[in-house]
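User: I'd like to walk through a structure with you, a few questions at a time. Shall we start with its charges and then move on to the fold and the core?

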Amino acid sequence: MNNSVYGLIDRARENCLSGRVMERESIIRLLELPPESEEAEYLRRRANEAAMEITGGRAYLWGAMGIDFVPCPVSCDFCSFGEKWGIVKDSRVYSNEEIVRQMSDFVQAGAHYIVIRTTEFYSIDDLCAKVRMLKERISGNYEIILNIGEFDEKEALQMWQAGVSGVYHAVRLREGTDTGLDPVVRNATMDAVRRSPLKLISLVEPVGPEHSSEEITDNFLNIIRHEASITGVMARFPVPGTPLGDRYARVSDERVAQIAAVLRLAAGTRVRDICVHPASELAISGGANVTVVELGAVPRDSKLIESEWRLFTADMGKTLFENAGYTLFS
Ligand code: SF4
């Protein structure tokens with residue numbers, strides 16, 4: 001037992017509840033704990049206490065549909081859509097009717113956020129038309145989020161006027177090295193969101209076993225600087241045939257849960273909601289209050305996903321939250 005670590009975790013919880021963002025060195029120190037250790041278990045417990053207070057026990061489901069299963073010329077080293085990897089052979093773009101049906105199912109199943117995801121160069125005008133259509137045809141208390149390529153402030157406003165509530169965007173870990181995009185450009189898109197009425201949702205991703213605690217910390221602090229309203233962590237899935245999928249295994253659920261717990265305590269009250277993808281009991285009982293159900297074109301998989309990815313359904317998400325003491329907000 002290391003008393004100074006327990007003291008650090010206790011102070012982190014107090015600072016979190018008083019609203020302060022944790023300083024860089026403490027974040028790194030907590031991320032350096034062995035994920036299977038007793039200290040990491042204590043960290044998750046304290047993160048859960050903070051989460052319950054900050055969120056009022058509310059959890060949220062994120063229902064995401066990738067609408068275009070097509071090769072993407074950016075060819076990021078982890079993404080199944082990368083044109084260079086030749087994984088997508090039979091392209092498929094979902095019709096408006098299919099999108100309405102799926103999004104409606106997500107809303108019925110309790111997802112508060114419904115998310116349209118596309119490859120990098122999908123038309124923003126077409127997306128805005130789809131958002132207007134969804135607003136007209138699906139009733140309920142939901143928010144529409146887009147996870148798309150780059151755009152400027154004018155286009156951010158255009159999306160907001162169409163009915164988009166927020167945008168998922170991230171400077172990925174090792175952006176510009178493991179991806180075909182410049183981190184300056186990705187940051188500029190996040191700036192465009194920050195200067196618009198749109199919410200920014202941004203996770204530390206895609207986390208692999210090679211990423212250091214320093215890299216994870218700096219990525220997270222960049223998200224905080226961009227005033228995200230949801231942050232969290234997403235693990236990278238090894239897609240065979242992609243450069244990183246062939247080189248590395250997946251990080252463990254314990255490591256993902258530890259990162260979620262650290263981010264919960266590190267964010268203070270600046271970010272209410274912490275998301276984990278994929279979901280696990282460990283992460284949801286350790287500080288995370290948002291998770292993802294997804295299907296369609298999924299960059300973590302080499303096939304088109306016609307039912308939920310990894311068979312993780314909205315009902316399963318709801319059960320995980322309820323077992324951890326949350327109420328699903330929809
Ligand atoms: S991660 Fe995005 S930009 Fe990179 S290849 Fe996949 S779809 Fe294209």
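User: How many Å apart are the mean positions of the positive and negative charges of the protein?

Analyst: Happy to help; note that this is a predicted model. The protein has 37 positive and 48 negative charges. Taking the mean position of each set, the distance between them is 2 Å.

User: How does the radius of gyration compare with the globule rule, and what is its value?

Analyst: The protein holds 12 helices and 12 strands. For 330 residues the globule rule gives 20 Å, and the model comes close to that, so the protein is as compact as a globular protein of that length. The radius of gyration is 19 Å.

User: What percentage of the residues count as buried?

Analyst: Here a residue is buried when its relative accessible area is under 20%. Applied to the 330 residues of the protein, that cut-off gives a buried share of 61%.

User: Which helix gives the largest nonpolar core its largest share?

Analyst: The largest nonpolar core has 96 residues, and Leu30, Met103 and Phe220 are among those with the most contacts inside it. The largest share of this core is 9 residues, and they come from residues 253-266, which form helix 10.

User: Which residues from helix 10 does leucine 30 contact?

Analyst: Neighbours within four places in sequence are left aside here. Among the contacts of leucine 30 are Leu8, Ile9 and Leu43. Helix 10 spans residues 253-266, and the contacts of leucine 30 that fall in that range are Gln258 and Val262.

Notes. Residues are numbered from 1 along each chain as its sequence is written. This is a predicted model: local features need pLDDT of at least 70, side-chain atom pairs count only at pLDDT 80 or more; totals for chains, interfaces and linings use all residues. Side-chain values use heavy atoms; hydrogens and water are left out. Helices (H or I, at least four residues) and strands (E, at least two) are DSSP runs, numbered from the N terminus. The radius of gyration is taken over C-alpha atoms; the globule rule is 2.2 Å times the number of residues to the power 0.38. Buried means under 20% relative accessible area, exposed over 50%, partly exposed in between (1.4 Å probe, protein chains only). Lys and Arg count as positive and Asp and Glu as negative; His and the chain ends are not counted. The place of a charge is taken as NZ of Lys, CZ of Arg, CG of Asp or CD of Glu. A nonpolar core is a set of buried Ala, Val, Leu, Ile, Met, Phe, Trp, Tyr and Cys residues joined through side-chain atoms within 4.5 Å. Contact means heavy atoms within 4.5 Å.
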